[in-house]
Every structure is written in structure tokens, then in C-alpha cells.
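Biologist: I have not looked at this one before. Can you walk me through it?

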Amino acid sequence: MLSFIVHDTKEFMNLLLKQTAFDSFELRQMDITTFALFQIDGLRNKSYFPLAEQELFAGKYCLWKEIRPFAFEIIKGQKLPKSIKIIFSMPENKKELVCAVSATYFLNITFSQNILTCTTGCSPKIFSLDKTAEHAWDEWIISFFQKLKIAVIKQS
């Protein structure tokens, strides 16, 4: 597990809300506190769609690219949100990019008191003391942030 503070909050939020950098992540949950608390559950409600369309959705959760415009509408404005909490996961069809070990990979993003913190997490499908998947996910996230030129300060 890694925990780090993002140095340039404004640039990170631009990548998150206005660009496609995080679009392939699944949204598990999002809480945004402005003048009210907005909670978004990323679990896809397939019954909302006609049967023919339901089959088009592979994942159990919505992708960030589907939710991003709504999140942006809530956040945009003259005042900064009081807090934001986002829980992302790596979609099933992309997990092989990280590691061959079967696991669920999480990226938690928290904005509170003008500090943006990211934390990684890994939940293996089978209990093991082997940390291969966790280390691979941490390395993948570091590489992902480096490609996006996101400067971070690791926390101990």
C-alpha cells in the first residue's frame, strides 16, 4: 500500500475532471461535499437499460468516463469543495496490465483541507502472505502518475 500527497492539486483535478486520464478506471464510490453531500455509487444499474443494451455493459461498475461529466458539474464553481472522496478500481479486463495474480486493485483519492491524498490498495481473491500483487499495483500506479507528470510526495 502506498500513500502520497499530490503536489499540484489544480493540475491533478484538471486531469481527473476535464481530461481522459482516469477514464478507464471503474468508479466504486464518490462523495463530494459542497453546500450539500453528493454521494455516487458506481454500481451499474443494468435494469435501467433495455435488455439489448444491458448486454453491452461488461463491468459491474460504471467507468469514470461515464460519471466524470456529472462529477465536474457538482464540483465546478467559485468555491472549492469541502471534501472529495473517490474510490477507483482497475476493471477486470485491464488487471493483466498490473499482475497475473487475481486481485482487486484500488486507488483512493481524497481531497480535504486543501490537501489531495492518494492511497493504493490491493485485495487478493485468495488469502496469501505473498505481496507480489500489492507491489505490482504500487509500481503500476507510480508509473501511471509519472506518465501523467503528476508530482507526488510519498507518506510513510
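Modeller: What follows goes from the whole chain to its sheet, its helices and one residue; note that the model is predicted.

Biologist: Fine. How many helices and strands does the chain have?

Modeller: There are four helices and seven strands. In sequence order the pattern reads β-α-β-β-α-α-β-β-β-α-β.

Biologist: What radius of gyration does the chain have, and what would a compact globule have?

Modeller: The chain has 16 Å, and a compact globule with 156 residues would have a value near 15 Å, so the two agree. Along the principal axes, the C-alpha atoms fill a box of roughly 50 × 45 × 25 Å.

Biologist: And how much of the chain is buried?

Modeller: Buried residues make up 38% of the 156. The chain exposes about 9700 Å², with 56% of that supplied by carbon and sulfur atoms.

Biologist: On to the sheet. In what order do the strands come?

Modeller: The order is S3-S2-S4-S5-S6-S1-S7, in an open sheet with antiparallel pairing. At the edges are strand S3 (37-41) and strand S7 (152-154), each of which pairs on one side only. On average, neighbouring strands are turned by 15 degrees against each other, ignoring direction.

Biologist: How many bridges join S2 to S4?

Modeller: Seven bridges join strand S2 (residues 26-33) to strand S4 (residues 83-89). As one example, Thr33 has Ser83 in S4 as its bridge partner.

Biologist: Which strands does helix H3 lie across?

Modeller: H3, residues 64-75, lies across S2, S3 and S4, and runs at about 5 degrees to S2. H3 is also among the elements that cover the buried residues of helix H1.

Biologist: Which residues of H1 are buried?

Modeller: In H1 (residues 9-17) they are Phe12, Met13, Leu15, Leu16 and Leu17. Besides H3, their cover includes strand S1 (3-6), S4, S5, strand S6 (115-124) and helix H4 (132-147).

Biologist: Change of topic: Thr104. Where is that residue?

Modeller: Thr104 is in strand S5, which spans residues 103-112.

Biologist: Is Thr104 buried or exposed?

Modeller: Thr104 counts as buried because its relative accessible area is 8%, and the cut-off for buried is under 20%.

Biologist: What does its side chain make a polar contact with?

Modeller: The partner is the side chain of Lys125, at 3.1 Å from the side chain of Thr104. Leaving out residues up to four places away in sequence, Thr104 touches Arg28, Ser89, Lys95, Gly121, Cys122, Ser123 and Lys125.

How values were computed:
Residues numbered from 1 in each chain as written. Predicted model: local features only at pLDDT ≥ 70, side-chain atom pairs only at ≥ 80, totals over all residues. Heavy atoms only, no water. Helix = DSSP H or I, 4+ residues; strand = E, 2+ residues; numbered from the N terminus. Buried < 20%, exposed > 50% of the residue type's maximum accessible area, 1.4 Å probe, protein only. Polar contact = N/O pair within 3.5 Å; in protein donor to acceptor, adjacent residues only side chain to side chain. Contact = heavy atoms within 4.5 Å. Pairing = 2+ DSSP bridges. Axes fitted to C-alpha atoms, helices over the stretch in contact; angles between N-to-C directions. Rg over C-alpha atoms; globule rule 2.2 N^0.38 Å. Areas by Shrake-Rupley, 256 points an atom, 1.4 Å probe, with all protein chains shown as cover.
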